[in-house]
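Let us walk through this structure step by step. Start with the strands, then turn to the ligand.

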Amino acid sequence: MSREQVFALLSAQSGEFLSGEDISAQLGISRAAVWKAVDALRRDGYTIEAQTGLGYRLTDSPDALTERELRRYLGGTETVGKTLYCFESIDSTNSFLKRAAAEGAPNGAVAVADEQTAGRGRRGRSFSSGAGRGVYLSALLRPRLSPKKVLPLTALGAVAACNAVERACGVRPQIKWTNDLVLNGKKLSGTLTELSLEGESGALDYAVIGIGVNCNNAREDFPPELRDIATSLCLETGRRVCRAALAAALIEELDGLYAALQGGDTAAYLAAYRRDCLTLGREVQLLWQDAREKVMALDVDEQFGLVVRHEDGRVETVRTGEVSVRGLYGYVE
Ligand code: BTN
């Protein structure tokens, strides 16, 4: 406990010294207890300078997705992130939250992991989730809405993720329908949304939205088959990402998104989606089970369906499945 209190005091000093005497007086603990707390914080990866006559100052923090680091960056949220589960390693933050939801975890609970050993992507694929590289984050939402009203969540989540990346890292990715984030033509992030419905009534029990963002990966950190397709923020900007700041921004954005969804006020998200969607106006291949068909992507409708024109002139709205965009991820023909 005194470790957290000492951390809070040092962190509030913004790199200035605070004497051991002041700390012990403010917290009502002995000088020896202050020293023990400082030692424990150093073992957690913090750099704390000690100088005779001046005291202690915090000069560097670890790139860690701990609750302590996340709360440093997290502003006040209404719903999302009030409960935080932080893991060094977990199978999948989505899978964890589904288990927690079954045991009654609260609306807005968030799981964040430094590493996922069984990270999951859409359509049963795996999601590469190496330790210390990315942000792997899921939120449990229990909106009082019908399943139909919650379906756009996965597309809206892409806008929330773009907002968070822009705020934390100064670059705005584009969106490949439905929810890949793309930076300079390569995949930066993916979202997996899972819904649980009550069997009897068909009512929504909960939704888990999980977002994975590649942050500090080098090219070799990706499996060979992904190296020409995937990228990380660090590879594209040349700067290391403070993952806790990005995770906090994601939580804040998901909180705003939850409020908008619950209030039925998602027009701004749709406008941002249409603006950032790189699929629009391009030739794409629809991937139907085993079949492939070339079409032109025209628009995104209010339910985030992709409006396409077939080669015979028919216009149709596609609501499920996936598309390849010509010129992206190595698709040229
Ligand atoms: C995709 O691109 O196919 C979706 C990838 C979604 C990955 C995230 S990482 C956090 C959460 N936990 C998971 O197992 N998957 C999602």
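What follows traces a run of neighbouring strands, a surface patch and the ligand site.

The model is predicted. Begin at strand β6, residues 174-176. Strand β6 pairs with β7 in the antiparallel sense, over three bridges. One pairing to locate is Lys176, whose bridge partner in β7 is Asp180. A hairpin of three residues joins β6 to β7.

Now look at β7 itself, which spans residues 180-183. Which way do the side chains point? In a regular strand, side chains alternate between the two faces of the sheet. Strand β7 shows two directions: Asp180 and Val182 point one way, Leu181 and Leu183 the other. Are these four buried or exposed? All are buried. Buried here means under 20% relative accessible area. So Asp180, though it carries a carboxyl group in its side chain, counts as buried by that cut-off.

Move on to β8, residues 186-197. Strand β8 pairs with β7, again antiparallel, over three bridges. Val182 stands opposite Lys187 in β8. Leu183 stands opposite Lys186. Two residues separate β7 and β8 in their hairpin. Asn184 sits in that turn and has a positive phi of about 50°.

Next comes β9, residues 204-214. How many bridges join β8 to β9? Nine, and the two strands run antiparallel. Ser189 has Val213 of β9 as its bridge partner. The β8-β9 hairpin has six residues between its strands. In that hairpin, Gly202 takes a positive phi near 75°.

Stay on β8 for the surface. Leu195 belongs to this strand. Leu195 joins Leu151 and Leu197 in a nonpolar surface patch of about 270 Å². Why can Leu195 take part in a surface patch? Its relative accessible area is 34%, so it is partly exposed. Patch residues need over 30%, and Leu195 therefore passes that cut-off.

Finally, the ligand. Around the ligand there are 18 residues. Which come nearest? They are Ser92, Gln116, Arg120, Arg122 and Lys187. Lys187 is also the residue of β8 that stands opposite Val182. Three contacts are worth locating. A polar side-chain atom of Gln116 lies 2.9 Å from a ligand nitrogen atom. Arg120 uses a backbone N or O atom, 2.7 Å from a nitrogen atom of the ligand. Arg122 also places a backbone N or O atom 2.7 Å away, but from a ligand oxygen atom. On its own, the ligand has 410 Å² of accessible area, and the protein covers 99% of that.

How values were computed
Residues numbered from 1 in each chain as written. Predicted model: local features only at pLDDT ≥ 70, side-chain atom pairs only at ≥ 80, totals over all residues. Heavy atoms only, no water. Buried < 20%, exposed > 50% of the residue type's maximum accessible area, 1.4 Å probe, protein only. Pairing = 2+ DSSP bridges. Patch = residues over 30% accessible without salt bridge, like charges linked within 9 Å, V, L, I, M, F, W, Y side chains within 5 Å. Areas by Shrake-Rupley, 256 points an atom, 1.4 Å probe, with all protein chains shown as cover. Salt bridge = Lys/Arg side-chain N within 4 Å of Asp/Glu carboxyl O. Near = heavy atom within 4 Å. Polar contact = N/O pair within 3.5 Å; in protein donor to acceptor, adjacent residues only side chain to side chain.
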